[in-house]
Amino acid sequence: FENQRKDDGSDDDINSTIVGTFDGWREIGTQFELSNGMIWQQVEADTFHISPTENPEVVIERNIMGGWRLSVVGHGSSVRVKRIK
C-alpha cells in the first residue's frame, strides 16, 4: 500500500481521525485505525504520550524520501508510518 497512490492519483496529505481513544505511540508496530477505513503502522522506534483523547484529528504527509509521517493535529510530534490497509 505504501507505494500506491490514493484513488485520485494524488500525493495529497491525508486528513482523518483516529478511531477511539488515543494516548500516543510507543513502539514499532503500533497501529492507527482511521475513520476513513485506512490502517497505518508505526515503522520507527519512537514514543509520544498525550492525555487520552477521543478520536483525535491526524494528518499523514508524504516526506521528501517518499515515506509517510503521521502527526496529531495540535501536537508537535510525528512518526514514520506505512499503510497496511
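Colleague: Is Asn55 buried, exposed or partly exposed?
Modeller: First, this is a predicted model, where local features need pLDDT of at least 70, side-chain atom pairs count only at pLDDT 80 or more, and totals for chains, interfaces and linings use all residues. Numbering starts from 1 along each chain as its sequence is written, and side-chain values use heavy atoms, with hydrogens and water left out. Buried means under 20% relative accessible area, exposed over 50%, and partly exposed in between (1.4 Å probe, protein chains only). Asn55 comes out at 41%, so call it partly exposed.

Colleague: What phi does Asn55 have?
Modeller: Most residues other than glycine have a negative phi. Asn55, in the loop between β5 and β6, isn't a glycine, yet its phi is positive, at about 45 degrees.

Colleague: How many strands does the protein chain have?
Modeller: Helices (H or I, at least four residues) and strands (E, at least two) are DSSP runs, numbered from the N terminus. By that rule there are 0 helices, and the elements run β-β-β-β-β-β-β-β. That makes the strand count 8.

Colleague: Which strands stand at the edges of the open sheet?
Modeller: Two strands pair if DSSP finds at least two bridges between them. The open sheet has 6 strands, paired antiparallel in the order β1-β6-β7-β8-β4-β3. Each edge strand has a single partner, so one side of it is left without a neighbour in the sheet; the two are β1 (14-17) and β3 (31-33).

Colleague: What is the bridge partner of Gln31 in β4?
Modeller: β3 and β4 (residues 39-42) pair in the antiparallel sense over 3 bridges. In β4, Gln31 is partnered by Gln41.

Colleague: Which element gives the most to the largest nonpolar core?
Modeller: A nonpolar core is a set of buried Ala, Val, Leu, Ile, Met, Phe, Trp, Tyr and Cys residues joined through side-chain atoms within 4.5 Å. This one has 17 residues, and Phe22, Trp25, Phe32, Trp40, Ile60, Leu70 and Val81 touch the most other members. Those giving two or more residues are β2 (21-25), β5 (48-54), β6 (57-62), β7 (68-72) and β8 (78-83). With 3 residues, the top contributor is β7.

Colleague: Which residues form one aromatic cluster with Phe32?
Modeller: Contact means heavy atoms within 4.5 Å. Leaving aside neighbours within four places in sequence, Phe32 is in contact with residues including Ile18, Met38, Leu70 and Val81. As for the aromatic cluster, Phe32 shares it with Phe22, Trp25 and Phe48.

Colleague: Is the pair of Phe22 and Trp25 stacked, edge-to-face or tilted?
Modeller: Rings of Phe, Tyr and Trp (its six-membered ring) pair if their centres lie within 6.5 Å; planes under 30 degrees apart count as stacked, over 60 as edge-to-face and the rest as tilted. The count comes to 5 aromatic pairs. Phe22 and Trp25 have ring centres 6.3 Å apart and planes at 50 degrees, so the pair is tilted.

Colleague: How many residues apart are Trp40 and Trp68?
Modeller: Trp40 and Trp68 form an edge-to-face pair, 5.6 Å centre to centre with 65 degrees between the planes. Trp40 is buried at 2% relative accessible area, and Trp68 counts as buried at 6%. The pair links distant parts of the chain, β4 and β7, and the separation in residues is 28.
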